[in-house]
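Trainee: I would like to look closely at a single part of this model and follow it outward, step by step. Could you take me through it slowly?

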Amino acid sequence: MELFDGRPKSTEGRLSREVRTYDFLDKLGINYKRTDHAPADNMEACNEIDKVLEVIICKNLFLCNRQKTKYYLLMMPGDKKFKTKELSSQINSARLSFADADDMLKFLDIEPGAVSIMGLMNDKEHAVQLLIDEDVKKGEYIGCHPCVCTSSLKIKTEDIFNKFLPEVGHEPVIVHLIGED
């Protein structure tokens with residue numbers, strides 16, 4: 001794997017959702033590092049990518065309540081365990097579960113394995129509430145996919161909070177997750 005500055009020189013063979021991500025970041029003047037790789041659709045696969053990017057790729061979980069009336073995108077450190085009960089009490093939503101792939105595609109234009117904060121640029125109706133673990137916010141950089149699991153990005157956390165999120169109109173809720181048994 002090689003580390004590049006910004007978008008690929010050629011977008012041939014890349015999905016439109018990936019290219020739209022680069023277009024959006026470029027429009028906002030957000031600098032980013034990028035690496036291309038084999039599909040990385042789980043945290044184990046991301047460990048090698050972490051070394052190249054020199055950042056821990058966030059664990060991104062797409063969740064919903066039991067009635068499927070509220071949807072959440074949770075960003076947390078990749079090495080932290082997810083405990084449903086721990087999060088449910090902080091957002092006053094009992095019975096959280098993983099949302100369906102169809103809903104992921106509908107709201108974020110992302111497929112399983114590629115869930116990323118970048119998908120919020122596709123959530124024009126603001127149907128998804130962004131939840132960010134406080135440890136992610138404390139980091140200097142955020143590692144994420146550009147809406148596909150065959151590339152990964154390294155973006156300054158301040159650019160996510162000060163440029164990206166205001167532009168997509170999503171106000172994050174900061175949560176405190178311990179992730180221990």
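Leaving aside its neighbours within four places in sequence, which residues is Ile-142 in contact with?

Mentor: Before we begin, please keep in mind that this is a predicted model, so that everything that follows describes a prediction. Ile-142 belongs to strand S7, which covers residues 141-144. Once the neighbours within four places in sequence are set aside, Ile-142 is in contact with Val-55, Cys-58, Met-75, Val-136, Leu-153, Lys-154, Ile-155, Thr-157 and Ile-160. Ile-142 counts as buried because its relative accessible area is 0%, and buried means under 20%. Lys-70, by contrast, is not in that list of contacts; Ile-142 and Lys-70 are 72 residues apart in sequence, and their C-alpha atoms are 25 Å apart in space.

One of the partners of Ile-142 is Thr-157, and it is worth turning to that residue next. Thr-157 has its place in helix H6, and since its relative accessibility is 4%, Thr-157 is buried as well. Not counting residues up to four places away in sequence, Thr-157 touches Val-136, Lys-137, Gly-139, Glu-140, Tyr-141 and Ile-142.

From here we can widen the view to the nonpolar cores. The largest of them has 38 residues, and those with the most contacts inside it are Ile-117, Leu-120 and Phe-164. At least two residues of this core come from each of H1, strand S3 (59-64), strand S4 (71-76), H4, strand S6 (128-133), S7, S8 and H6, and H6 gives the largest share, five residues. Apart from this core lies another, of 12 residues, among them Leu-61, Leu-96, Val-175 and Leu-177. Returning to Ile-117, we find that, when residues up to four places away in sequence are not counted, Ile-117 touches Asn-60, Leu-73, Met-75, Leu-130, Cys-144, Ile-160, Phe-164 and Leu-165. Two of these names, Met-75 and Ile-160, also appear among the contacts of Ile-142.

Finally, consider helix H1, one of the elements that supply the largest core. Helix H1 runs over residues 16-27, and its 12 residues reach 16 Å from the first C-alpha to the last, close to the 16 Å expected at 1.5 Å a residue. In H1, the buried residues are Arg-17, Glu-18, Val-19, Thr-21, Tyr-22, Phe-24 and Leu-25, and they pack against strand S2 (32-36), helix H4 (101-108), strand S8 (151-156) and helix H6 (157-168). After H1 comes Gly-29, which has a positive phi, near 70°.

Methods: Residues are numbered from 1 along each chain as its sequence is written. This is a predicted model: local features need pLDDT of at least 70, side-chain atom pairs count only at pLDDT 80 or more; totals for chains, interfaces and linings use all residues. Side-chain values use heavy atoms; hydrogens and water are left out. Helices (H or I, at least four residues) and strands (E, at least two) are DSSP runs, numbered from the N terminus. The expected span of a helix is 1.5 Å times one less than its number of residues. Buried means under 20% relative accessible area, exposed over 50%, partly exposed in between (1.4 Å probe, protein chains only). Contact means heavy atoms within 4.5 Å. A nonpolar core is a set of buried Ala, Val, Leu, Ile, Met, Phe, Trp, Tyr and Cys residues joined through side-chain atoms within 4.5 Å.
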